[in-house]
Amino acid sequence: MAHYDERLHGFEDRLRSDEPEHTGARERHASRSFRPGPTTWLWLAVGVVGLLTGIFIGHGLLIAAGLVVAGMAGQLLDPQRSRRRGGVPRPR
């Protein structure tokens, strides 16, 4: 496993030396903290309220909808989401 890590560090060093003007932007972007927007928190609240309402009145479809909405909001709260997806994070 160490062999692959050394190769990756070699690639990383070569990329930094090839494009020094982009290195600072990449490091600034990596150091920026993740803060979810208010819409994310609203969706999470809607999902939890739907889930709890469905549990209270005993309605399976409302429980399922609340779980789905809360799960989608949970995905939006994930700070590593754009890295796993392979895309570039959206500017705010």
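**Packing of helices α3 and α4 in a five-helix chain**

T40 touches A73, L76 and L77, residues up to four places away in sequence being left out of the count. This threonine is found in helix α3. With a relative accessible area of 10%, T40 is buried, because burial requires a value under 20%. These results, like those that follow, were computed from a predicted model.

The contacts of T40 belong to a broader setting. The secondary structure of the chain amounts to five helices and zero strands, and from the N terminus on the order of elements is α-α-α-α-α. The chain comprises 92 residues, of which 12% count as buried. About 7700 Å² of the chain is exposed, and carbon and sulfur atoms supply 63% of that area. Among contacts in the chain with a separation of 6 or more, 50% are accounted for by residues 24 or more positions apart.

The pairing of helix α3 with helix α4 was examined in detail. Helix α3 spans residues 38–57 and helix α4 spans residues 60–76; the two pack at an angle of about 155 degrees, and their axes lie 7 Å apart. Because angles over 145 degrees count as roughly antiparallel, α3 is roughly antiparallel to α4. The crossing of the two helices, α3 and α4, is left-handed.

On the α3 side, the residues that meet α4 are T40, W43, L44, V46, G47, G50, L51, T53, G54, I55 and I57. Their counterparts in α4 are L62, I63, G66, L67, V69, A70, A73 and L76. Sorted by class, the contact of α3 with α4 holds 13 nonpolar and six polar residues, and no charged residues. T40 is one of the α3 residues in this contact, and A73 and L76 are among those contributed by α4; both A73 and L76 are also touched by T40 itself.

Two further residues of α3 were considered alongside T40. W41 has its place in helix α3. The relative accessible area of W41 is 46%, and this residue is therefore partly exposed, since the partly exposed class lies between 20% and 50%. When neighbours within four places in sequence are left aside, W41 is in contact with P36 and L77. L77 is likewise touched by T40. From C-alpha to C-alpha, W41 and G74 are 9.3 Å apart in space, although 33 residues apart in sequence.

L52 also lies in helix α3. At a relative accessible area of 51%, L52 is exposed, because the exposed class begins over 50%. L52 and L62 are ten residues apart along the chain, and a distance of 8.9 Å separates their C-alpha atoms. L62 is among the α4 residues that meet α3.

Helix α3 thus includes the buried T40, the partly exposed W41 and the exposed L52.

Definitions and conventions: Residues numbered from 1 in each chain as written. Predicted model: local features only at pLDDT ≥ 70, side-chain atom pairs only at ≥ 80, totals over all residues. Heavy atoms only, no water. Axes fitted to C-alpha atoms, helices over the stretch in contact; angles between N-to-C directions. Helix = DSSP H or I, 4+ residues; strand = E, 2+ residues; numbered from the N terminus. Parallel < 35°, antiparallel > 145°, perpendicular 65-115°, else oblique. Left-handed = near helix turned anticlockwise from the far one by under 90°. Contact = heavy atoms within 4.5 Å. Nonpolar A, V, L, I, M, F, W, Y, C, P; charged D, E, K, R; others polar. Buried < 20%, exposed > 50% of the residue type's maximum accessible area, 1.4 Å probe, protein only. Areas by Shrake-Rupley, 256 points an atom, 1.4 Å probe, with all protein chains shown as cover.
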